Amino acid sequence: MHESGTSSGKGQRRVKVLVPLPLGAPYDYLLPAGLEAEPGAVVRVPLGSRDVSGVLWAIGGAPDAEFDPAKLKSVQSVFPVRPFGATLRRLIDWVAEYTVSAPGSVLRMAMSVPEAFTGTPLETVFVLGDTVPERLTPARRRVLAVAQDKVPRRSSELADQAAVSPGVVKGLADLGVLVGREIPSERPFAAPQPDHGPQTLSDDQASAARDLRARVARKAFAPVLLEGVTGSGKTAVYFDAVAEALRQGRAVLVLLPEIALTAQWLERFHDRFGVAPAQWHSDLSRTERRRVWRAVLEGRVPVLVGARSALFLPFEDLGLIVVDEEHDPSFKQEDGVAYNARDMAIVRGQLERCPVVLVSATPSLETVVNVLADKFAHLQLPERHGGAQMPDLSVIDMRTEDLPAGQWISAALEAEVHRTIAAGEQALLFLNRRGYAPLTLCRACGHRFQCPNCQAWLVEHRYSGRLRCHHCDYAMGVPAACPSCDATGKFAACGPGVERLAEEVAERIPEARVAVLASDTLTSPARAAALLAAIENHEIDLLIGTQVIAKGFHFPLLTLVGVVDADLGLAGGDLRAAERTYQLLSQVSGRAGRESRPGRVFLQSHLPEHPVLIALASGDRQDFVDRELAARRDHGMPPFGRLVALIVSSRSEDAARQTAAALRRAAPHYQQVRVLGPAPAPLALLRGRFRFRLLLKAEKSVAVQPIIRDWLAKVRVPGAVRVAVDVDPYGFL
Ligand code: ADP
Ligand code: ZN
């Protein structure tokens, strides 16, 4: 037997270190005598000509007769932070295996704040110095009054408390009146109080909450679907489970889509638990990211709410994971490591031995099938809270409407909006299209504005005066003359976006005070909060919004929802088109009539006999789910079969095509596996890269990952070509 990992007598040990780079397996290093490190430790190692931070993945290595310690480089240092826990390391390995990614690429998502390992982050605080100012403005006087108590404060705290601009504080610091000092910035996260503001639950809610609390107390893995119609109080129910985990002293992770827009959710959390939870999303400052990451690693974050990437935070003792709106497509990451945070949350719960609660009014078919197979427990809230009724839903057949060019609101819907506003209520017009118009063309020569990097039209945005590509960052000003024929004044906007709808509304519903809600008008959490407050204060009568408004919001006065183009999501060959359209439209319908005033929903459609519209109009979700499941089963499609997409891309169309053809020739031959393609991907040109797609379709029982690995190993991919693997693809882009 080898004494694996122990090298010749110098007290050095052989270790494996994973670095956060898209490389293969962990690399071997020597841990010099005198350096102590356990698995999970964050270490600094040399790699090629540079130094990188990585994680010690294992002590020792495979016994290796050829092993020559002289050829191994040494670990340079061990960071003084708590090691990554075993469950997180296993999660990283698991996700890498499942998604056919390099473990280093997955580790990179878990080490997203590299500066968090070094020392303690500092921040500047100010106290009164000895210098007496010569001239005191009222603003400066207020700052001095606040600082009188000698408590050190950050500049922003001083400015807030004295109600002055940060410039005033800076001015006083420049004069030496305030003296700055560096202190560790690791302010703790306040502890949420499980019994701060409990809600009285209805019978249905209470019984679901009891079940969840018991599961949390059991400290065992348990996947649960919490299903309830919009407005049934699902949040109140899972808050009870959060409270239980807090009582146990275990951490809670809540994953939410569209995190920037959760002002209302945060407020409810605050009402229930007395403090704000920690947050994790792309809008955080670097300092804040570092603070949160470190605090999670050190077990100082009781509850964190975050977007999908929060799944890879270094929690140690998770007592509960909640995935709210579990069906939401934004849980699926397409770029880099293609993973679905909902599915990986289940895996993490299994490793952490804690319940995972999936929450939805319209659960994904994957989840429905897991419930039917008894893999997931099922809790249901069949009714809206407080006696509120589900809204009345009707379809307006647009084939019989004779709308003039440039108008999209039917007479019937317009009349409903007038009526709603006159009654002192609010209305929402939903159109899932940002900007003014999805296509601009020249009426003189037919020129269409297209993105130079993508196979996509440029979308006109009038508020910003630009033509933008919604797939890459490309944007241009609207030129004075047509680039093809030089004609002026000939541009025509084709089709509506929310900005254009706002124009139509201004003309036809002039009495409405309007807010346009889209991802490009809700540019910051502060801006979003201000708009939501205006809506809540009834300073707005009519909301015009894209899907950002479909989720989670609760506006008591909102009684009318008009879906301007209910068919929008149904076109195209997307496997989930019907499912997603159903989910999105029920969600947006669910905004109507959430309290005592009953809600009405109108769906404008050219396809009123489409099963999605029939199901929505009849309110028979079960019938829709049954049909959709039957169709998927017949075709061996997910969740009954497996799909893996290979996207071959390159700046050179030829290179991409050739690699795709080589992959086709090397395609695996198994009975339960088929390979489709290569075909140009639906977006054949994206961000300057030409794209071809192959699709592997397999029976559910097939382990696709080893097949994909073998397959990829057979084909030499030139440097200029990228092959991305997407297991369980969603986007079909
Ligand atoms: P869902 O998440 O199922 O759509 P919510 O949790 O948002 O439903 O609840 C809808 C509304 O009803 C919210 O305003 C919520 O505060 C209120 N609500 C739900 N349950 C209760 C309860 N038990 N007591 C008081 N208000 C409740
Ligand atoms: Zn583009």
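**Exercise 1. Arg210**

Is Arg210 buried, partly exposed or exposed, and what is its relative accessible area?

*Solution.* The structure is a predicted model.
Step 1: find the element. Arg210 belongs to helix α6, which spans residues 203–218.
Step 2: take the relative accessible area, which is 49% for Arg210.
Step 3: apply the cut-offs. Buried means under 20%, exposed means over 50%, and partly exposed lies in between. Arg210 is therefore partly exposed, given its value of 49%.
Step 4: look for a partner in space. The C-alpha atoms of Arg210 and Ala241 are 8.3 Å apart, with these positions 31 residues apart in sequence numbering.

**Exercise 2. The surroundings of ligand 1**

Describe the site of ligand 1, from its pocket to its polar contacts.

*Solution.*
Step 1: place the ligand. Ligand 1 occupies the second largest pocket.
Step 2: list the neighbours. There are 16 residues around ligand 1, and those that come nearest are Thr200, Gln205, Gly231, Lys234 and Arg268.
Step 3: sort the shell by residue class. It holds 10 polar, 3 charged and 3 nonpolar residues.
Step 4: assign the shell to elements. Helix α7, residues 234–247, gives the most, namely 3 residues.
Step 5: read off the contacts with oxygen atoms of the ligand. The side chain of Lys234 has an N or O atom 2.8 Å from an oxygen atom of ligand 1. For Arg268, a polar side-chain atom is 2.8 Å from a ligand oxygen atom. Gly233 takes part through its backbone, with an N or O atom 2.9 Å from an oxygen atom of ligand 1.
Step 6: state the cover. On its own, ligand 1 has 550 Å² of accessible area, and the protein covers 81% of that.

**Exercise 3. Three buried residues**

Locate Arg250, Ser649 and Leu458, and justify the class of each from its accessibility.

*Solution.* The cut-off needed is that buried means under 20% relative accessible area.
Step 1: Arg250 lies in the loop that runs between α7 and β10 (251–255). Its relative accessibility is 9%, so Arg250 counts as buried. The C-alpha atoms of Arg250 and Leu558 are separated by 38 Å, and the two residues are 308 apart along the chain.
Step 2: Ser649 is part of strand β27, residues 641–650. With a relative accessible area of 7%, Ser649 is therefore buried. Its side chain makes a polar contact of 3.0 Å with the side chain of Arg689.
Step 3: Leu458 sits in the loop between β18 (439–442) and β19 (459–461). Leu458 has 0% relative accessibility and so counts as buried. From Leu458 to Ala437, 21 residues away along the chain, the C-alpha separation is 8.9 Å.

**Exercise 4. Positive phi**

For Lys150 and Glu325, give phi, the location and the accessibility class.

*Solution.*
Step 1: Lys150 is a residue other than glycine with a positive phi, near 70°. The loop between α3 (138–147) and β7 (153–154) contains Lys150. The relative accessible area of Lys150 is 57%, so this residue is exposed.
Step 2: Glu325, also not a glycine, has a positive phi near 55°. Its place is the loop between β13 (318–324) and α10 (341–352). At 14% relative accessible area, Glu325 is therefore buried.

**Exercise 5. Cis peptide bonds**

Which bond is cis at Pro639, which at Pro678, and where do these prolines lie?

*Solution.*
Step 1: the bond joining Pro638 and Pro639 is cis, with omega of about 5°. Pro639 falls in the loop between α17 (621–634) and β27.
Step 2: the bond from Gly677 to Pro678 is cis as well, and omega is near 10°. Pro678 is in strand β28, residues 673–686.

**Exercise 6. Ser618**

Which backbone oxygen lies 3.3 Å from a polar atom of the Ser618 side chain?

*Solution.*
Step 1: place the residue. Ser618 is in helix α16, which covers residues 611–618.
Step 2: name the partner. The backbone oxygen belongs to Ala615.
Step 3: add the contact distant in sequence numbering. Ser618 and Leu393 are 225 residues apart in sequence, while their C-alpha atoms are 8.0 Å apart.

How values were computed
Residues numbered from 1 in each chain as written. Chains lettered and ligands numbered in written order. Predicted model: local features only at pLDDT ≥ 70, side-chain atom pairs only at ≥ 80, totals over all residues. Heavy atoms only, no water. Near = heavy atom within 4 Å. Polar contact = N/O pair within 3.5 Å; in protein donor to acceptor, adjacent residues only side chain to side chain. Areas by Shrake-Rupley, 256 points an atom, 1.4 Å probe, with all protein chains shown as cover. 1 Å grid on protein atoms, 1.4 Å probe; cavity = no way out; pocket = protein on both sides within 12 Å on 5 of 7 lines; lining within 4 Å. Sits in = over half its atoms within 2 Å of the grid points. Helix = DSSP H or I, 4+ residues; strand = E, 2+ residues; numbered from the N terminus. Nonpolar A, V, L, I, M, F, W, Y, C, P; charged D, E, K, R; others polar. Buried < 20%, exposed > 50% of the residue type's maximum accessible area, 1.4 Å probe, protein only.
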